[in-house]
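Hi,

Here is the structure I said I would pass on. Have a look at it first, and my notes on what turned up follow below.

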Amino acid sequence: MIRNNMYGVNIMRETILLINFQDKTRQREFQIMAITVGVRNVIVKKADYLKPIGALAGIKDMKKLQADTEEQAEVKDETKELEKEMVVFAGLSETHLNQMLHLMRKSGMAPVDYKAVLTETNKDWTVPELYAELAREHEAMKAKTDNITI
């Protein structure tokens with residue numbers, strides 16, 4: 001089923017992308033949360049980092065683009081290692097997104113600093129491009145928090 005999420009992106013199915021999870025137990029916990037909420041989860045491999053995020057999430061219009069980028073993905077050795085985990089929520093209804101965030105908080109596990117919702121703007125970005133943007137945003141938020149005095 002293709003539908004628009006609340007951000008206007010056509011998604012085949014509600015999907016959570018799990019990126020750079022080194023701890024397999026933690027990765028499994030996220031997979032169980034996704035299954036509990038009723039959304040598909042995709043573990044993104046390093047070999048797929050240069051494919052558009054939208055294609056990884058299953059946007060129908062991007063399937064051809066994904067096939068066209070298969071050759072690019074073969075240069076995976078040139079892709080920089082990501083330092084942190086990243087989660088991308090693609091096409092989740094507001095209810096499912098809130099349920100996932102609630103489960104993540106309730107689980108007691110360490111938070112994932114780099115979280116994003118798939119949008120019309122970032123659907124064409126690669127994993128490293130989205131990661132770099134989230135890193136900039138994370139640092140800006142941290143700097144803002146550090147400058148607050150009570």
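What share of the contacts in the protein with a separation of 6 or more comes from residues 24 or more positions apart? The figure is 74%. Keep in mind as you read that this is a predicted model.

First, the overall layout. The protein has six helices and six strands, and from the N terminus on they follow the order β-β-β-α-β-α-α-α-β-α-β-α. Of its 150 residues, 42% are buried.

Now the sheet. Four strands make up an open sheet with mixed pairing, ordered β4-β3-β5-β6. Its edge strands, pairing on one side only, are β4 (40-44) and β6 (114-117). On average, neighbouring strands here are turned by 20° against each other, if direction is ignored. As general background, strands of a sheet pair through backbone hydrogen bonds, and the pairing is either parallel or antiparallel. You can see both kinds around β5. Strand β3 (residues 15-19) and strand β5 (residues 86-90) run antiparallel and are joined by five bridges; I19 has M86 as its bridge partner in β5. Two helices also pack on this sheet. Helix α1 touches β3, β4 and β5, and its direction makes about 155° with that of β4. Helix α6 (residues 127-146) touches β3, β4, β5 and β6, with its direction at about 115° to that of β6.

On to the other neighbour of β5. The pairing of β5 with β6 is parallel and spans four bridges. Within that pairing, V88 sits opposite A116 of β6, and F89 has V117 as its bridge partner.

Is β5 largely enclosed or open? It is largely enclosed by the rest of the structure, because five of its five residues are buried. In a regular strand the side chains alternate between the two faces of the sheet. For β5, M86, V88 and A90 are on one side and V87 and F89 on the other, and both faces are covered. Strand β6 is another story: Y114 and A116 belong to a covered face, while K115 and V117 belong to an uncovered one.

K115 deserves a moment of your time. This residue lies in strand β6. Its relative accessibility is 35%, and since buried means under 20% and exposed means over 50%, K115 counts as partly exposed. Leaving aside residues up to four places away in sequence, K115 touches V87, F89, L101, M104 and L134. Its C-alpha atom is separated by 5.8 Å from that of V88, although the two residues are 27 apart along the chain.

Next, the helix pair I would look at. Two packed helices are described by the angle between their axes and the distance between the axes. Here the pair is α1 (residues 24-37) and α5 (residues 94-106): their axes come within 10 Å and cross at roughly 140°. The crossing of α1 past α5 is right-handed. On the α1 side the contact is made by F30, M33, A34, T36 and V37, and on the α5 side by H96, Q99, M100, L103 and M104. Sorted by class, that gives seven nonpolar residues, three polar ones and no charged ones. M104 thus turns up twice in these notes, in the contact with α1 and among the residues K115 touches.

Last, the rings. Two aromatic pairs were counted. One of them is F21 with F30, an edge-to-face pair at 5.1 Å centre to centre, with 65° between the planes. Are these two rings on buried or exposed residues? F21 has a relative accessibility of 4%, so it counts as buried, and F30 is buried too, with a relative accessible area of 2%. F30 also belongs to the α1 side of the contact with α5, which gives you a link back to the helix pair.

That is the lot from my side. Shout if anything is unclear.

Cheers

Note on methods. Residues are numbered from 1 along each chain as its sequence is written. This is a predicted model: local features need pLDDT of at least 70, side-chain atom pairs count only at pLDDT 80 or more; totals for chains, interfaces and linings use all residues. Side-chain values use heavy atoms; hydrogens and water are left out. Axes are lines fitted to C-alpha atoms, for helices over the stretch in contact, and angles run from 0 to 180 degrees between N-to-C directions. A crossing is left-handed if the near helix is turned anticlockwise from the far one by less than a right angle, and right-handed if clockwise. Contact means heavy atoms within 4.5 Å. Ala, Val, Leu, Ile, Met, Phe, Trp, Tyr, Cys and Pro count as nonpolar, Asp, Glu, Lys and Arg as charged, and the others, Gly among them, as polar. Two strands pair if DSSP finds at least two bridges between them. Rings of Phe, Tyr and Trp (its six-membered ring) pair if their centres lie within 6.5 Å; planes under 30 degrees apart count as stacked, over 60 as edge-to-face and the rest as tilted. Buried means under 20% relative accessible area, exposed over 50%, partly exposed in between (1.4 Å probe, protein chains only).
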